[in-house]
Structures are given as C-alpha cells and as structure tokens.
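Please look at the charged side chains in the entry below. The notes that follow take them pair by pair.

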Amino acid sequence: MKSLLLQLKTFSLPLNPSLVLLSLGFSLCMSTPVQAADFRSILAEKAIAYDAPSAEAVKLYIMAKGYPVEVIVNLGTWVKVRDQRSGLSWVAGKDLDAQRTVLVTDNTEIKEKESADAKLLGTVEKDVVLELLSPSINKGWVKVKHRGGIVGYIQSSAIWGLY
C-alpha cells in the first residue's frame, strides 16, 4: 500500500488513496471472465423438483426426461436449477445429464441450412425438447436434432436453454 501511495505522490495526482484502491479493486473484478451459463438436461424419466435440497422438502413439480435446466448451485448430491419459466427448484444431482437440450418457445421451423430461405425439414411446436448439437450461434441459428431423427438448424430466438 505504501508503494502505491508513494507512486501517487510521485506523479502528484490529487487523488484520494482510498478511492484509488477501490477503483483498482473494481477494475480487477471486472477483468475476470464472466462464467457462461451451465445448462444440463433431465436424465431420469421423471425428476421431482423440490423447494429445498432434501427428499423431505416440499415437492413442487415433475420434469420429464430431456427437459433443459440451468444450473444455479451445484452441491453434488443436490442441484439448484432454473427452468424456462424462471422457476427455481432443487433436483437430485443423479437426475441430471450433461447432454444439452433446448426447449422450443415459439412454433418454428427446422431448416436444412442456417438461412430462412433454406429447405424446410420440419416444423416444431412450442414446448418440444430438441437435442442441441452445436451450442455456438451462427448468424442466429443453432444445429439441433429432433427425437424423430431430423437434424437441421433452428433460429436461436425460438428456443430456451442456449445461454
């Protein structure tokens, strides 16, 4: 701290040393990379969502296999997750899979290529779960697979669970 104060005096800056330290601390915090959202999918056929990390807690609802969730807190045995409707709940860690899926939020189309003019491969209704094959967005499109086997591209604005 003395060296920082000495440097400030050397340059004759009329700054409050406490404010300088606060600014430096803030700058260091802001320079650390932001962690990307951690999405998983439900592995079990049916996973129970609880209001606390315990099987003795209040059961809130059931999530079906493949449903995407965002990991908020991971305690290992229990994981706090956020669903598409921004609901927070706890699920057993064993009920989650690293396989990425997305939830269709608006009726949309699966295209052969990353373009609205591309060949139509199929239409998908709201609330359908799709396997995410490529999480990177290319011109607003992501690569997905429908459970019926169709592989193609869907607009990222029509899905939840990507970022």
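The paragraphs below deal with salt bridges and with the accessibility of their partners.

This is a predicted model, in which local features need pLDDT of at least 70, side-chain atom pairs count only at pLDDT 80 or more, and totals for chains, interfaces and linings use all residues. Residues are numbered from 1 along each chain as its sequence is written, and side-chain values use heavy atoms, with hydrogens and water left out.

Side chains of opposite charge can pair when their charged atoms come close. Here a salt bridge means a side-chain nitrogen of Lys or Arg within 4 Å of a carboxyl oxygen of Asp or Glu. Searching the whole structure gives four salt bridges; three are described here.

One of them joins R82 to E70, with 3.3 Å from N to O. This pair links distant parts of the chain: R82 lies in strand β5 (residues 78-82) and E70 in strand β4 (residues 68-74), twelve residues apart. Strands are DSSP runs of E of at least two residues, numbered from the N terminus. Accessibility is classed as buried under 20% relative accessible area, exposed over 50%, and partly exposed in between (1.4 Å probe, protein chains only). R82 is partly exposed because its relative accessibility is 28%, whereas E70, at 17%, is buried.

Another salt bridge is formed by K94 and D95, whose closest N and O atoms are 3.4 Å apart. K94 is exposed, with 66% relative accessibility, while D95 is buried at 11%.

R40 and D38 also meet through their side chains in a salt bridge, at 3.1 Å from N to O. R40 is partly exposed at 23% relative accessibility, and D38 is partly exposed at 25%.

Technical notes: Helix = DSSP H or I, 4+ residues; strand = E, 2+ residues; numbered from the N terminus.
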